[in-house]
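I opened this notebook to keep track of what I looked up, entry by entry, in the structure shown below.

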Amino acid sequence: MAAPPATRLPPEFDRIARHFAPLAGPAGLGLTDDAALLEPPAGRALVLTVDAMVAGVHYLPDDPPDLVARKLLRVNLSDLAAKGAVPLGYLLTVSVPVDTPDDWFARFAAGLAADQAAYGLALLGGDTTGTPGAATLTATLIGHVAPGGMVRRGGAVAGDLIVVTGTIGDGALGLAAARGQVPDPDGFLAGRYRLPTPRLGLIAPDVAHAALDVSDGLVQDLGHLCRASGVSAEIDAGAVPASAAAFGVGGQGDRTAWLATRLTGGDDYEIVMAVPPGRLAALRARAGALGIPVTPIGVCRPPGPGEPPGVTVLHDGAALTLGPGGWSHF
Ligand SMILES: Nc1ncnc2c1ncn2[C@@H]1O[C@H](COP(=O)(O)OP(=O)(O)O)[C@@H](O)[C@H]1O
Ligand SMILES: Cc1ncc(C[n+]2csc(CCOP(=O)(O)OP(=O)(O)O)c2C)c(N)n1
Ligand SMILES: [Mg+2]
Ligand SMILES: [Mg+2]
Ligand SMILES: [Mg+2]
């Protein structure tokens, strides 16, 4: 990848000018001022989200920098997608070891450029620093919805169907594949770990009472929806969709460990939502038009007497005990 020609600026500002300024939209003012100046779309409410990625924690330190950049945008786009928001722009913080080569910046910026174009995003501004620690990359995304149009984690009611997009477990199995711990002949699983697909355009209040994206693990993230909504959920492990590649690495025989990895491993960036049964056909129609698979996996019910809202996973009719339902940093 050809890096842009050198400037006469000190290296920090040279890198910002050559690699990041070409990505700035009009509101980013060419990355030449202290702040961006953004005119919100008329009559729309802004939706804001931020997620960080740390080398060795969220991605493998030798992952290709263009894919790391695209994953950074996509994990954040996934939060906007789950809220029913349309992406608008983003702020970017890059903190990397001081010996990070210029080529890493060039490849990282190329990844940003690719997904900015794919998802209609513009760079608004950010910050670039050296760090004595692991590379830490943070994007703050700004999206918009009609006023009152953001789908919340709360809002599910008893009787709603629990529905997921796509397939669940590829990201967790893909991390194992990227580490050489499970076979992945065509690289599908590692690809799903390195480059998730944000499910934009599907979620809106007319089809989902509540929704969130699955980053930490399906069971834990569905638990957040349940607590916020004051309902419990019962899901059927066998109904949770698996890709053919996921089936190929343990979907046969005693599937307990395989199910635990898939249902609690995280890195899915799919959406789990509560859908009123009468709106399932409308959801399916919209999903079909977008090419997004949607699968009902369970149902919401009132919490039992004296019981906190929570998630029960059934496997062949019996409750499955899975341990922690997902990732926790601490
Ligand atoms: N350091 C923080 N300061 C302020 N808010 C935070 C911080 N960390 C997390 N949050 C908020 O806590 C909520 C849950 O965060 P998180 O689990 O990271 O959500 P997600 O999985 O969707 O990224 C979000 O509303 C987020 O904005
Ligand atoms: C190298 C590496 N090790 C482990 C994981 C697994 N992992 C790390 S953080 C995480 C959860 C998602 O990250 P988080 O910061 O909690 O994102 P958020 O829920 O805020 O979107 C998972 C599944 C990974 N993605 N990469
Ligand atoms: Mg977060
Ligand atoms: Mg989220
Ligand atoms: Mg998290």
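**Entry 1, a strand pair and its sheet.** I began with H315, which stands opposite A318 in β11. I noted that the model is a predicted one, and I read every position here with that in mind. The two strands concerned, β10 (residues 311–315) and β11, pair in the antiparallel sense over 2 bridges. I then asked in what order the strands of the open sheet of 7 run. I found β6-β8-β5-β9-β7-β10-β11, with mixed pairing. At the edges I found β6 (210–214) and β11 (318–319), each of which pairs on one side only. For my own reference I wrote down that strands of a sheet pair through backbone hydrogen bonds, either parallel or antiparallel.

**Entry 2, Q220.** I located Q220 in helix α6, which covers residues 218–229. Is Q220 buried or exposed? Q220 has 20 C-beta neighbours inside 10 Å, and it therefore counts as buried, the threshold for that class being 20 or more. I also looked up its separation from V311: the two residues are 91 apart in sequence, while their C-alpha atoms are 8.3 Å apart in space.

**Entry 3, the parallel pair.** I moved to strand β2 (residues 86–96) and strand β3 (residues 122–130), which pair in the parallel sense over 8 bridges. Within this pairing, I found that Y90 has L123 of β3 as its bridge partner. Helix α3 (residues 102–119) joins β2 and β3 in a β-α-β unit, and I recorded the handedness of that unit as right-handed.

**Entry 4, ligand 2.** I next asked which residues come nearest to ligand 2. Of the 13 residues around the ligand, these are S215, D216, G266, D267 and W327. Sorting the shell by class, I obtained 6 nonpolar, 4 polar and 3 charged residues. Why does ligand 2 lie between two domains? Domain 1 (11–145) and domain 2 (161–319) both contribute residues to its shell, so the ligand lies between them.

**Entry 5, the annotated positions.** I consulted UniProt, whose unreviewed entry places the feature "binding site" at H58, D267 and W327. These positions span 270 residues in sequence, yet no two of their C-alpha atoms are more than 11.1 Å apart, so they gather at one spot. For D267, I noted a place in the loop between α8 (256–264) and β8 (270–275). With 24 other C-beta atoms within 10 Å, D267 is buried.

**Entry 6, a domain record.** The unreviewed UniProt entry also places the feature "domain: PurM-like C-terminal" at residues 158–299. Over that range I read 37% helix and 19% strand, and I found the end C-alpha atoms to be 8 Å apart.

**Entry 7, positive phi values.** As background, I reminded myself that most residues other than glycine have a negative phi. L29, although not a glycine, has a positive phi of about 55 degrees, and for L31, likewise not a glycine, I noted a positive phi of about 55 degrees. L29 is found in the loop between α1 (11–20) and β1 (45–54), and L31 is found in the loop between α1 and β1 as well. I closed with their surroundings: L29 is partly exposed, with 16 other C-beta atoms within 10 Å, and L31 is partly exposed, with 19 such atoms within 10 Å.

Conventions. Residues are numbered from 1 along each chain as its sequence is written. Chains are lettered from A and ligands numbered from 1 in the order in which they are written. This is a predicted model: local features need pLDDT of at least 70, side-chain atom pairs count only at pLDDT 80 or more; totals for chains, interfaces and linings use all residues. Two strands pair if DSSP finds at least two bridges between them. Helices (H or I, at least four residues) and strands (E, at least two) are DSSP runs, numbered from the N terminus. A crossover is right-handed if, with the strands pointing away from the viewer, the path from the first strand over the helix to the second runs clockwise. A residue is near a molecule or strand if its C-beta atom, placed from the backbone, lies within 6 Å of it. Ala, Val, Leu, Ile, Met, Phe, Trp, Tyr, Cys and Pro count as nonpolar, Asp, Glu, Lys and Arg as charged, and the others, Gly among them, as polar. Domain bounds come from an automatic or database domain assignment. UniProt positions are given in the numbering used here, feature names are shortened, and annotations may be inferred rather than shown by experiment. A residue is buried if 20 or more other C-beta atoms lie within 10 Å of its own, exposed if 12 or fewer, and partly exposed in between; C-beta atoms are placed from the backbone.
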